[in-house]
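Got your viewer open? Let's take a walk through this model together, one selection at a time.

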Amino acid sequence: MIAVLALIAGVVLGVVLNPTVPDALQPYLPIAVVAALDAVFGGVRAKLDGIFDDKQFVISFISNVLVAAFIVYLGDKLGVGSQLSIGVVVVLGVRIFGNVAAIRRRLFKA
């Protein structure tokens with residue numbers, strides 16, 4: 001319940017305050033959001049399966065974002081930033097859809 005309230009508060013603050021992202025960090029923001037969504041859907045799936053651990057969720061959330069940002073940073077330094085960004089999005093997207101499918105099966109038995 002606290003997580004849902006924090007999510008709602010974050011969305012409202014983001015809409016009201018309209019924060020800007022510095023130009024240097026803009027390539028990392030979409031990857032960080034996708035990595036965070038992967039952790040969130042993984043957490044929801046774990047909760048529905050009854051194996052949710054809050055410590056593991058926080059570590060997963062932070063490590064996903066950091067690893068994804070590092071891969072994009074490495075790609076930028078190697079001159080293949082967009083290709084590695086696409087790779088990260090594809091890998092995390094597959095995981096997100098896998099988790100959403102598991103959530104759907106669990107909730108709707110379909």
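Which helix does Ser63 lie in? Select Ser63 and you land in helix H3. Before going on, keep in mind that this is a predicted model.

**Stop 1: Ser63**

Show the surface around Ser63. Its relative accessible area is 33%, so Ser63 counts as partly exposed, which here means between the 20% limit for buried and the 50% limit for exposed. Now add Ala39 to your selection. Ser63 and Ala39 are 24 residues apart along the chain, yet their C-alpha atoms are separated by 9.4 Å.

**Stop 2: the whole chain**

Zoom out and switch to a cartoon view. You should find four helices and zero strands. Reading along the sequence, that gives the pattern α-α-α-α. The C-alpha trace spans about 45 × 30 × 25 Å along its principal axes.

What share of the 110 residues counts as buried? For this chain it is 21%. Turn on the surface if you like: the accessible area is about 7,900 Å², and 74% of that belongs to carbon and sulfur atoms. There is also a number for how the chain meets itself. Of the contacts with a separation of 6 or more, 72% are between residues 24 or more positions apart.

**Stop 3: H2 against H3**

Two packed helices are described by the angle between their axes and the distance between the axes. Let's use that on a first pair. Select H2, residues 29-49, and H3, residues 54-78. H2 and H3 pack at an angle of about 155 degrees, with their axes 8 Å apart. Angles over 145 degrees count as roughly antiparallel, so that is how H2 and H3 run relative to each other. Their crossing is right-handed.

Show side chains where the two helices touch. On the H2 side, look for residues including Ile31, Ala35, Asp38 and Ala39. On the H3 side, Phe57, Phe61, Asn64 and Val72 are among them. Colour this contact by residue class and you get 12 nonpolar residues, three polar and one charged.

**Stop 4: Asp38**

Stay in H2 and click on Asp38, which has its place in that helix. Is Asp38 buried or exposed? With a relative accessible area of 2%, Asp38 is buried, because anything under 20% goes in that group. Now show what surrounds it. Leaving aside neighbours within four places in sequence, Asp38 is in contact with Asn64, Leu92, Arg95, Ile96 and Asn99.

**Stop 5: H3 against H4**

Next, select H4, residues 81-108, and keep H3 on screen. How do the axes of these two helices cross? They come within 7 Å and cross at roughly 155 degrees. That makes H3 roughly antiparallel to H4. H3 passes H4 in a right-handed crossing.

Pick out the residues that meet here. From H3, they include Asn64, Ala68, Ile71 and Val72. From H4, they include Leu84, Ser85, Val88, Leu92 and Arg95. By class, this contact has seven nonpolar, four polar and two charged residues.

**Stop 6: Ser85**

Click on Ser85, which lies in H4. Ser85 has 15% relative accessibility, so it counts as buried. What does Ser85 touch, not counting residues up to four places away in sequence? Highlight Ile31 and Val72 to see its partners.

**Stop 7: H2 against H4**

Hide H3 for a moment and leave H2 and H4 showing. Their axes come within 9 Å and cross at roughly 25 degrees. Angles under 35 degrees count as roughly parallel, so H2 and H4 get that description. H2 passes H4 in a left-handed crossing. In this contact you can count 15 nonpolar, four polar and five charged residues.

**Stop 8: Asn18**

For the last selection, leave the packed helices and go to Asn18. Where does Asn18 lie? It is in the loop between helix H1 (2-17) and H2. With a relative accessible area of 59%, Asn18 is exposed, since over 50% earns that label.

Now check the backbone. Most residues other than glycine have a negative phi. Asn18 has a phi near 50 degrees, a positive value in a residue other than glycine.

Technical notes
Residues are numbered from 1 along each chain as its sequence is written. This is a predicted model: local features need pLDDT of at least 70, side-chain atom pairs count only at pLDDT 80 or more; totals for chains, interfaces and linings use all residues. Side-chain values use heavy atoms; hydrogens and water are left out. Buried means under 20% relative accessible area, exposed over 50%, partly exposed in between (1.4 Å probe, protein chains only). Contact means heavy atoms within 4.5 Å. Axes are lines fitted to C-alpha atoms, for helices over the stretch in contact, and angles run from 0 to 180 degrees between N-to-C directions. Angles under 35 degrees count as roughly parallel, over 145 as roughly antiparallel, 65 to 115 as roughly perpendicular and the rest as oblique. A crossing is left-handed if the near helix is turned anticlockwise from the far one by less than a right angle, and right-handed if clockwise. Ala, Val, Leu, Ile, Met, Phe, Trp, Tyr, Cys and Pro count as nonpolar, Asp, Glu, Lys and Arg as charged, and the others, Gly among them, as polar. Accessible areas come from the Shrake-Rupley method with a 1.4 Å probe; for residues, only the protein chains shown count as cover.
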